[in-house]
Each structure stands twice: as structure tokens, then as C-alpha cells.
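Biologist: I have a chain with a bound ligand to look over. Can you take me through the model, one point at a time?

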Amino acid sequence: VIFKDYVSGFLKESDMQVNNGTLKLKLPEGSNGIVVKNLYLSCDPYMRNRMTRVEGPNHFTSFTPSSPLTGFGVAKVLDSRHPNFKKGDLIWGTTGWEEYSVITELEGVCKIQHTDVPLSYYTGILGILLLMCVCVCVWGLDIYVLACEILIQMRLLYALYMQMHPKTICMPGLSAYVGFYEVCSPKKGEYMFISAASGAVGQLVGQFAKLMGCYVVGSAGSKEKVDLLKRKFGFDDAFNYKEETDLDAALKRYFPEGIDIYFENVGGKMLDAVLLNMKDHGRISVCGLVSQYNLDQPEGVQNLMCLIYKRIHMKGFAVSDYYNIYPKFLDVMLPYIREGKIMYVEDIAEGLESGPAALAGLYSGRNVGKQVVLIARE
Ligand code: NDP
């Protein structure tokens with residue numbers, strides 16, 4: 001899947017092109033990389049941010065026009081010149097949007113250890129930070145955690161992260177965990193609202209909040225998604241924001257006493273309406289602003305004064321700042337998945353040729369759950 005050129009406005013399927021061609025699967029002379037068969041590719045909202053020409057220091061690095069897209073995926077090793085990988089290994093990390101890839105930069109690749117969960121989960125619920133992952137493989141978990149603590153103390157981690165970019169990628173499972181437990185400071189019985197609630201991140205945040213004993217309401221863009229929130233993920237209530245002409249009135253209906261915690265995934269008009277409905281001393285965890293990613297000029301937010309009147313704590317986070325949370329995350333998440341305490345819904349598009357539509361569909365809400373592209377089953 002070729003990224004044709006920098007995009008302005010809404011991402012369209014036609015901004016990408018599926019090419020049929022013969023791939024040279026040989027590793028370059030002197031390289032100690034790997035050749036892989038790609039199995040699953042992850043569609044993530046941040047990819048739109050990489051389709052804009054970025055100049056100067058930035059959180060995102062632009063894709064190269066006329067080159068294959070790259071992203072997070074799961075693959076099987078066909079050939080290896082690297083001692084840590086052998087033929088037949090399953091890996092996850094940065095790969096190309098193509099059927100087969102030659103990967104020469106292995107900082108972004110990690111061997112899959114637990115295969116008792118669906119492989120596609122490594123693009124979502126179990127997705128973690130690649131840099132961290134590599135360090136864990138090389139050093140072991142204990143030394144990794146110790147090194148992180150030291151780096152954080154020395155304020156070096158952020159600089160290191162910027163050096164490694166774009167090989168460092170953040171993924172939904174850890175984002176939900178960090179954004180909820182670390183940023184929201186949740187307490188049993190609190191009233192919580194989540195936007196884009198049925199997506200890769202939102203569905204997990206809602207389930208964490210229910211396990212914590214919060215009252216949880218989510219918004220999503222279709223009846224199917226609203227039903228999913230209530231029936232599958234156990235939200236107390238949910239609504240289709242596209243059917244509401246007055247978001248402020250809708251939130252007053254669902255939260256007559258106000259919102260303690262808002263998990264922000266979309267921004268724009270929703271944020272404005274939420275600000276009017278927050279309780280005093282409420283918390284807002286800003287994970288993403290997907291409604292803004294396709295706008296050449298981001299919308300303004302009108303009700304920011306509420307932050308002052310209501311003493312609201314609003315905090316943005318980049319999951320990449322929370323490397324040291326990983327051991328805690330795995331300890332919590334793997335048993336939750338194995339015991340069926342956390343559900344995860346994926347939207348699996350079949351075949352590489354479905355990739356452009358699947359990716360563009362994220363910005364119109366076509367996906368129901370985590371959007372994955374299945375290339376091959378193994
Ligand atoms: P999703 O699986 O939720 O897919 C995106 C969803 O956003 C769509 O399905 C759609 O759902 C909704 N959406 C799209 N456009 C709009 C719009 N204009 N207004 C309102 N809703 C819209 O994505 P993720 O769960 O992977 O990501 C959720 C957010 O988290 C994103 O903003 C992403 O950038 C952010 N993120 C941040 C990280 C961090 O480190 N801070 C890490 C990972 C993700 P619907 O049908 O409900 O409209």
C-alpha cells in the first residue's frame with residue numbers, strides 16, 4: 001500500500017494505492033535483518049498525523065510520499081540473519097503495509113512470547129512500546145525497569161524517546177491503562193464519560209472503569225456501537241452523539257449531577273459540551289482529539305473558562321512517557337484476558353487491498369472496535 005503524497009483535509013482511500021509488484025525478498029549484503037510474511041496490520045488514528053508534511057521538531061515523523069506505508073503489525077519470520085530471530089518465529093513491531101517485508105532496522109521488532117491469546121491482540125489490547133519491548137528482550141524485565149526509573153529520575157527518557165522516533169510506537173492497551181489509572185485518579189462510585197467509547201482505547205477504558213466501580217457512560221457514532229457498549233462491555237449507558245443536536249443537553253440527561261471524569265478521545269464540540277457538565281474538581285484525561293486530525297485548521301474550544309470556575313484538572317498524556325508502567329500493565333492485563341474479565345472487539349478487514357479503506361474509515365467511524373487488517377493467517 002503506497003502512500004501517494006501529503007494529505008490535506010479528510011483522508012481518502014485514493015490517497016493510498018495498492019500496487020501489485022514483485023518484491024525482492026533478499027536481505028541486503030551485510031545486513032543482519034529479517035524477512036517476514038506480514039499477518040496482521042494495525043490501523044491507528046495517529047497515522048493521519050504522519051501524512052502531513054511535518055517540518056521542525058514534532059511528535060510525529062511524516063511518511064515518505066511514493067513509499068509503502070509503515071505501521072504496527074504482527075508477522076512471521078521467513079529468513080533471518082539476526083541471532084535473536086529464527087525462521088518460524090512470530091514477531092510484532094514496525095513493518096511495511098505489504099504482504100512480505102524486509103526489515104533491516106530491528107529496534108522496532110519483538111518476538112511474541114505468549115501465543116495463548118489471539119495474535120491480532122498484539123496490534124491492540126497487548127500493544128506496548130516498541131523501544132521498551134526491545135530493551136526488555138535485550139536486558140530482561142528487571143534491569144529494564146531499573147534503567148527506566150534511573151532515566152526518568154535523570155529526565156533523560158524523553159530525550160531518548162525523541163532520538164528513537166519514529167521507531168517508538170504507542171498502542172491502545174497501554175494507552176487505556178495509563179490514561180485511566182495514572183491520569184484520571186479514579187475512585188469507586190465516580191461518574192465517568194468516555195468519547196469514541198467503542199474504539200480500540202475507549203472500550204478498554206470503560207471496562208477498567210466498571211471494574212473500579214464507576215458509573216460509566218460512553219458516546220459512539222452508531223446504534224450498533226451503542227448496543228455494543230451496553231451489552232458487551234457493560235457500560236451503564238451510552239448514546240449516539242450523531243443523533244444529538246445539542247450535546248450539552250444530552251450530557252445533562254445522562255449526568256444530571258455532573259461528570260467526575262472525562263476520558264477524551266475526540267475533542268472539538270464534544271469537549272466544549274463536556275466542560276459545561278464537569279463537576280467541581282473533575283478530571284479530564286486527554287488521550288486523543290481524533291475529530292481534529294483531518295482539519296487543516298483545528299476548531300477552537302469555547303468553554304475553557306470552566307477549567308478555572310470548576311477547578312478542573314485536565315491532563316494530556318503520551319503513552320510513551322509511561323514505560324515504567326509496563327510490568328504492572330502486563331500483570332493486570334494478561335489475567336484479565338485469560339479469565340474473560342475484559343472483552344476486546346476487533347474489526348478485521350481481510351486482505352491488503354482492504355487496507356486503505358480500513359484506515360480511512362477510522363475517521364468516519366466505519367470501524368466497530370479495534371481496526372485490524374488481516375493479510376494472512378500464518
Ligand atoms: P478508534 O478505534 O476509537 O477509532 C477512531 C474512532 O474515532 C472512530 O471509530 C470514530 O468512532 C471516532 N471518530 C472519528 N472521527 C470522529 C469525529 N470527527 N468526531 C467524533 N468521533 C470521531 O481509535 P483508537 O481507540 O485507537 O484511538 C482513540 C484516540 O486515542 C485517538 O484520538 C488516538 O489518536 C488516541 N490515542 C492516543 C494515544 C496517546 O498516547 N495519547 C495512544 C493511542 C491512541 P465513532 O463511530 O464513535 O465516531
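Biologist: Which residue just after helix 5 takes a positive phi?

Modeller: First, this is a predicted model: local features need pLDDT of at least 70, side-chain atom pairs count only at pLDDT 80 or more, and totals for chains, interfaces and linings use all residues. Residues are numbered from 1 along each chain as its sequence is written. Helices (H or I, at least four residues) and strands (E, at least two) are DSSP runs numbered from the N terminus. Just after helix 5, a positive phi of about 45 degrees is taken by Ser-185.

Biologist: Is helix 5 largely enclosed or largely open?

Modeller: A residue is buried if 20 or more other C-beta atoms, placed from the backbone, lie within 10 Å of its own; 12 or fewer make it exposed, and in between it is partly exposed. In helix 5 the buried residues include Pro-172, Tyr-177 and Val-183. Because 10 of its 12 residues are buried, helix 5 is largely enclosed by the rest of the structure.

Biologist: Which helices do the buried residues of helix 5 pack against?

Modeller: Contact means C-beta atoms, placed from the backbone, within 7 Å. Strands 12, 13, 14 and 16 are among the packing partners of these buried residues. The helices are helix 6 (202-212) and helix 11 (326-338).

Biologist: Which elements give two or more residues to the shell around the ligand?

Modeller: A residue is near the ligand if its C-beta atom, placed from the backbone, lies within 6 Å of it. Of the 32 residues around the ligand, Gly-199, Gly-221, Gly-288, Ser-291 and Gly-365 come nearest. The elements that give two or more are helix 5 (172-183) and strand 16 (370-374).

Biologist: How many charged residues does that shell have?

Modeller: Ala, Val, Leu, Ile, Met, Phe, Trp, Tyr, Cys and Pro count as nonpolar, Asp, Glu, Lys and Arg as charged, and the others, Gly among them, as polar. The shell has 17 nonpolar and 12 polar residues. The charged residues number three.

Biologist: From which domains does the shell draw at least three residues each?

Modeller: Domain bounds come from an automatic or database domain assignment. The centres of the two domains, taken over C-alpha atoms, are separated by 29 Å. Their contact takes 14 residues from domain 1 and 16 residues from domain 2. The shell draws at least three residues from each of domain 1 (2-124 + 344-374) and domain 2 (172-320).

Biologist: Which strands stand at the edges of the six-strand sheet?

Modeller: Two strands pair if DSSP finds at least two bridges between them. This open sheet has the order 11-10-9-12-13-14, with parallel pairing. Each edge strand has a single partner, so one side of each is left without a neighbour in the sheet. The edges are strand 11 (237-240) and strand 14 (313-316).

Biologist: Which residue stands opposite Ile-261 of strand 12?

Modeller: Strand 9 (residues 191-194) and strand 12 (residues 259-264) run parallel. Three bridges join them. Opposite Ile-261 stands Met-192.

Biologist: In strand 4, which residue is the bridge partner of Ile-2?

Modeller: An open sheet of three strands has the order 2-1-4, with antiparallel pairing. Two bridges join strand 1 (residues 2-3) to strand 4. The partner of Ile-2 is Pro-68.

Biologist: How many helices and strands does the chain have?

Modeller: Buried residues make up 46% of the 378 residues in the chain. Its secondary structure comes to 12 helices and 16 strands.

How values were computed:
Contact = placed C-beta atoms within 7 Å.
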